Amino acid sequence: MVSIRIMGIPELQRKLGQNWTQVLHAPMQKSVLLVQRDMADYPSQRPGSSYVRTGTLGRTWTTEVTETGNGVQGKVGNRTEYAPLVQSERFQRPIFRGQWQTDDAVLERDMPRIERFFQDAVDGALR
């Protein structure tokens, strides 16, 4: 699980009262959709492979955004039972290493954009 710490939350809470988490909902939605899109991106098929891809792994990525009393939580997941064996940094099988991107790699690559989504939303609300 990845957590993002946002500076300026006390000011945001004071300015907006109980509705402060609504400011974070839109950037969280953009963030989970970005990660979902990037996780669904398939690598080029190995030369000489006769395997016919179904696209199931790419189509079964899911997202969820929920507001809680102390923030906003976003989740990205996959309903395919073999997804962790292909794209999880922790569980990826050797045959997929170096070919299929992992969850950690996508998050590391996307993190600057995700941070910018939140920074822009908080800055805009505090203006």
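Is G124 buried, partly exposed or exposed? With a relative accessible area of 33%, G124 is partly exposed, and the residue belongs to helix α5. The model is a predicted one. In it, the protein has five helices and two strands, and from the N terminus on the order of these elements is α-α-α-β-β-α-α. The radius of gyration is 18 Å, well over the 14 Å that the globule rule gives for 127 residues, so the protein is more spread out than a compact globule.

**Overall dimensions and surface**

- Taken along the principal axes, the box filled by the C-alpha atoms of the protein is roughly 60 × 25 × 20 Å.
- Of the 127 residues in the protein, 33% are buried.
- The protein exposes about 8500 Å², and 50% of this area is supplied by carbon and sulfur atoms.
- Among contacts between residues at least 6 apart in sequence, 59% join residues that are at least 24 apart.
- The protein carries 17 positive and 14 negative charges, and the mean positions of the two sets are 3 Å apart.

**The strand pair**

- Strand β1 covers residues 61-68 and strand β2 covers residues 71-78.
- The two strands run antiparallel and are joined by eight bridges.
- Together β1 and β2 form a hairpin, with two residues between them.
- One of the bridge pairs links T68 to G71 in β2.
- Another pair links E64 to K75, also in β2.

**Helix α5**

- Helix α5 spans residues 103-126, and D104 lies within this range.
- D104 counts as partly exposed, at 42% relative accessibility.
- D104 and E11 are 93 residues apart along the chain, and their C-alpha atoms are separated by 32 Å.
- A105 also has its place in helix α5.
- The relative accessible area of A105 is 36%, so this residue is partly exposed.
- Between the C-alpha atoms of A105 and E89 the separation is 7.9 Å, with their positions 16 residues apart along the chain counted as the distance apart.
- For G124, again in helix α5, the C-alpha atom is separated by 9.1 Å from that of V23, and the two residues are 101 residues apart along the chain.

**The loop between α4 and α5**

- S88 is placed in the loop between α4, residues 83-87, and α5.
- Buried means under 20% relative accessible area, and S88 has 10% relative accessibility, so S88 counts as buried.
- Leaving aside neighbours within four places in sequence, the residues in contact with S88 are A83, T102 and D103.
- The C-alpha atoms of S88 and G55 are separated by 17 Å, and these residues are 33 residues apart along the chain.

**Points to take from the model**

- Which residue in the loop between α4 and α5 has been described here? S88 has been described, and at 10% relative accessibility this residue counts as buried.
- D104 at 42% relative accessibility, A105 at 36% relative accessible area and G124 at 33% each count as partly exposed.
- The hairpin of β1 and β2 is held in the model as an antiparallel pair with eight bridges.

How values were computed: Residues are numbered from 1 along each chain as its sequence is written. This is a predicted model: local features need pLDDT of at least 70, side-chain atom pairs count only at pLDDT 80 or more; totals for chains, interfaces and linings use all residues. Side-chain values use heavy atoms; hydrogens and water are left out. Helices (H or I, at least four residues) and strands (E, at least two) are DSSP runs, numbered from the N terminus. The radius of gyration is taken over C-alpha atoms; the globule rule is 2.2 Å times the number of residues to the power 0.38. Buried means under 20% relative accessible area, exposed over 50%, partly exposed in between (1.4 Å probe, protein chains only). Contact means heavy atoms within 4.5 Å. Accessible areas come from the Shrake-Rupley method with a 1.4 Å probe; for residues, only the protein chains shown count as cover. Lys and Arg count as positive and Asp and Glu as negative; His and the chain ends are not counted. The place of a charge is taken as NZ of Lys, CZ of Arg, CG of Asp or CD of Glu. Two strands pair if DSSP finds at least two bridges between them.
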